Structures are given as C-alpha cells and as structure tokens.
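This report examines a protein model together with its ligand. The sequence and the structure are shown first.

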Amino acid sequence: MSFSSEWLALREPHDQRARNREVLAAVAAAFAGQPDIAVVDLACGTGSTLRALAPHLPARQIWRLVDNDLSLLARAGANAPAGVSVTPTPVDLARDLEAALDGALDLVTTSALLDLVSPEWLERFAVEAAARRLPVYAALSYDGRAALDPVDPLDATIIAAVNRHQRRNKGFGPALGPAAALEAVERFHVVGYTVVQGVSDWVFGPGDREIQTEVLSGWASAVRELDELALPHIVDWLARRRDLVAAGRATMRVGHVDVFARPST
Ligand SMILES: C[S@@+](CC[C@H](N)C(=O)[O-])C[C@H]1O[C@@H](n2cnc3c(N)ncnc32)[C@H](O)[C@@H]1O
C-alpha cells in the first residue's frame, strides 16, 4: 500500500494538533536531562514524527528514519532541524523489523502505522522492543470512532464499512485496523511495559475543506473496494457530504489514540 507525499503533507498539521499532549509530555520526561538521544522512527513517511517530537527531546539527536517507500524517504532526509542528524534507511518492516531495531537506540517512534499491521506483527514488535528494553512512542492509531456533522442517513453504514476495510491486508497480513491501539496497550502490558495513552482525534472545522474532502473521498473508495454497497449509493453519499463541506457547513471528528510504552523496571 502506498501513501502520497501530498496526502502526508495535508494531514501533518492536523496530526500535529491532534497529538496527545500528556503522552508527548511523558515521552519528554523520560529523556529529560540526557544530553543526547538516538531514535528510530518506523514507517517515517516524510518525517512527521521527527518534526513533532524533536522539540521535546534532548538537544543532540540522532534519528534513523525507516520506510520502504524510497520517494518518501528521500523527502524525510531533507531539511533536518539544527542539532538533528538524520539517516534515511530503507527497510521493509513486514520482513525486517528486527534489523530496523538493532544498534544503539534509546527510543522507537512511529505514527499512523499500527492500524496497518497484523496482530502477529504487533506482538513481534512488542517482543523485539522488550528484548532491547526500548521505549515505544506510537502515535495516531485510528480507533474506529468517526462522527460527521450534519448527520447523513448513510454515514453509519459508510463508517462501519470503512472499519471493515481497515481490517484488510495492508502488507503486514490482515490488519488490526480500529483494534490497533487497544491491542498495542495489551501487548506492551504483556511484555512488562508501563503504558501512558491518550486520544489524539482529528477535529476538522468547517474551514478544513481540503482534508475533509480527501478523507471522505478515501472512505468512498474504500467502501467501493469492499463491493458491499451499490455504487450509486456511495456516489450520492459522497456528493451530499462534499456539498456540505463546500458550503462550509461540515465538521468531522476521527478518533485516534497515542501510546507511550516503556519497560516498567
Ligand atoms: C500513514 S503513513 C504514515 C507516515 C508517517 N509516519 C506520518 O505519520 O506521516 C504509513 C507509512 O508506512 C509506510 N509503510 C507501509 N508499509 C511499510 C513496510 N512494509 N515497511 C516500511 N514502511 C512501510 C508507508 O510508506 C508510509 O510512509
């Protein structure tokens, strides 16, 4: 599954606003007082997590940015903030997660990844992180909650179908989708980690027309792929929702969860 740099750029400011402040503060507190830190960001895209987290970490930072999309990685390597050294590293995380976690590291980060992975991959991730005693900051996992205003009679059907589509294979085996955040908390508890979690919902106002339109179009495409609902119903629903967005009458909330998990002792 591929993600365009345009989509990642459109969502980044909304992600930055949504990131849970208590979870960010817990990450910052865990490393406060250290002169430097080495971080690996899994599925980095163009480096959104680095930009969000760098101001909260010790001044000298070494980041290994990992993704399997070379075009996104090339962008992630550019424009590192001052004091931050960045090494873009191509890895297929479905196959070579362990290689991404090897070496001298203090922290593993990721965002908008865990809902794409399978239960087996998540368990492997927790076990491999624990074997290295690495804390994990995993932000912005979609949790299945979505609310649109004004309400349309087809919204609930569309959202339920989107959540079923989220469980499809995204390259890591059948995906956790909306179950990812809860499952991550569970898996990290099992390996003896303490977990801080908090919601990081996207909240789109009437003026956030572009991202609302993109999300709604993405949902319509996903529902179409499922082939459960007649196409004219999907097309008409999207047209009604887009009209509301264009008129500046639409708002949306999309549920996400952030997690910071670290070894308890
Ligand atoms: C939703 S994007 C999130 C990107 C970035 N973390 C952010 O928050 O903007 C998911 C990312 O996972 C990466 N990805 C998907 N499958 C992967 C795999 N098997 N190995 C490495 N990266 C993968 C994609 O290339 C993409 O950059």
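The sections below treat the ligand site, one helix, the aromatic residues and two buried positions.

## Ligand site

The model is predicted. A shell of 18 residues surrounds the ligand, and Ala43, Asp67, Asp92, Leu93 and Ser111 come nearest. By class, this shell is made up of 10 nonpolar, four polar and four charged residues.

Polar atoms of the protein approach the ligand from both backbone and side chain. A polar backbone atom of alanine 43 lies 2.7 Å from a nitrogen atom of the ligand, and a backbone N or O atom of glycine 45 is 3.4 Å from a ligand oxygen atom. From the side chain of aspartate 92, an N or O atom is 2.9 Å from a nitrogen atom of the ligand. On its own the ligand has 590 Å² of accessible area, of which the protein covers 97%. Helix H1 (5–18) and helix H5 (93–101) are the elements that contribute two or more residues to the shell.

## Helix H2 and its surroundings

Helix H2 spans residues 21–31, and its buried residues are Val23, Leu24, Ala26, Val27, Ala28 and Phe31. An α-helix has 3.6 residues a turn, so residues three or four places apart point the same way. The cover over the buried residues of H2 includes helix H3 (48–53) and several strands, among them E1 (36–42), E4 (107–111), E5 (136–149), E6 (193–199) and E8 (251–263).

Both ends of the helix can be described. At the N-terminal end, asparagine 20 acts as the cap of H2, with a side-chain oxygen 3.0 Å from the backbone nitrogen of glutamate 22. After H2 comes glycine 33, which has a positive phi near 95°.

## Aromatic residues

Six aromatic pairs are present in the structure. In one of them, phenylalanine 125 and phenylalanine 188 meet edge-to-face, with 6.0 Å between centres and 80° between planes. Phenylalanine 125 belongs to helix H6 (residues 119–131) and phenylalanine 188 to helix H8 (residues 180–190), so the pair ties together parts that are 63 residues apart in sequence.

Phenylalanine 125 is buried, at 0% relative accessible area. Phenylalanine 188 also counts as buried, since its relative accessibility is 1%. The two rings belong to one aromatic cluster formed by Trp121, Phe125, Phe172, Phe188 and Tyr193.

## Serine 200

Serine 200 sits in the loop between E6 and strand E7 (202–204). This loop residue is buried, with a relative accessible area of 0%. Its side chain makes a polar contact of 2.7 Å with the side chain of aspartate 258.

Apart from residues up to four places away in sequence, serine 200 touches Ala18, Arg19, Asn20, Leu140, His256, Val257 and Asp258. One of these, asparagine 20, is the residue that caps the N-terminal end of H2.

## Leucine 65

Leucine 65 is part of strand E2 (residues 60–67), and its relative accessible area of 0% marks leucine 65 as buried. Beyond its neighbours within four places in sequence, leucine 65 is in contact with Asp41, Cys44, Leu50, Leu73, Ala76, Val86, Thr87, Pro88 and Thr89.

Leucine 50 is one of these contacts. The C-alpha atoms of leucine 65 and leucine 50 are 8.6 Å apart, while the two residues are separated by 15 residues in sequence.

Methods: Residues numbered from 1 in each chain as written. Predicted model: local features only at pLDDT ≥ 70, side-chain atom pairs only at ≥ 80, totals over all residues. Heavy atoms only, no water. Near = heavy atom within 4 Å. Polar contact = N/O pair within 3.5 Å; in protein donor to acceptor, adjacent residues only side chain to side chain. Areas by Shrake-Rupley, 256 points an atom, 1.4 Å probe, with all protein chains shown as cover. Helix = DSSP H or I, 4+ residues; strand = E, 2+ residues; numbered from the N terminus. Nonpolar A, V, L, I, M, F, W, Y, C, P; charged D, E, K, R; others polar. Buried < 20%, exposed > 50% of the residue type's maximum accessible area, 1.4 Å probe, protein only. Contact = heavy atoms within 4.5 Å. Phe/Tyr/Trp six-rings, centres within 6.5 Å; stacked < 30°, edge-to-face > 60°.
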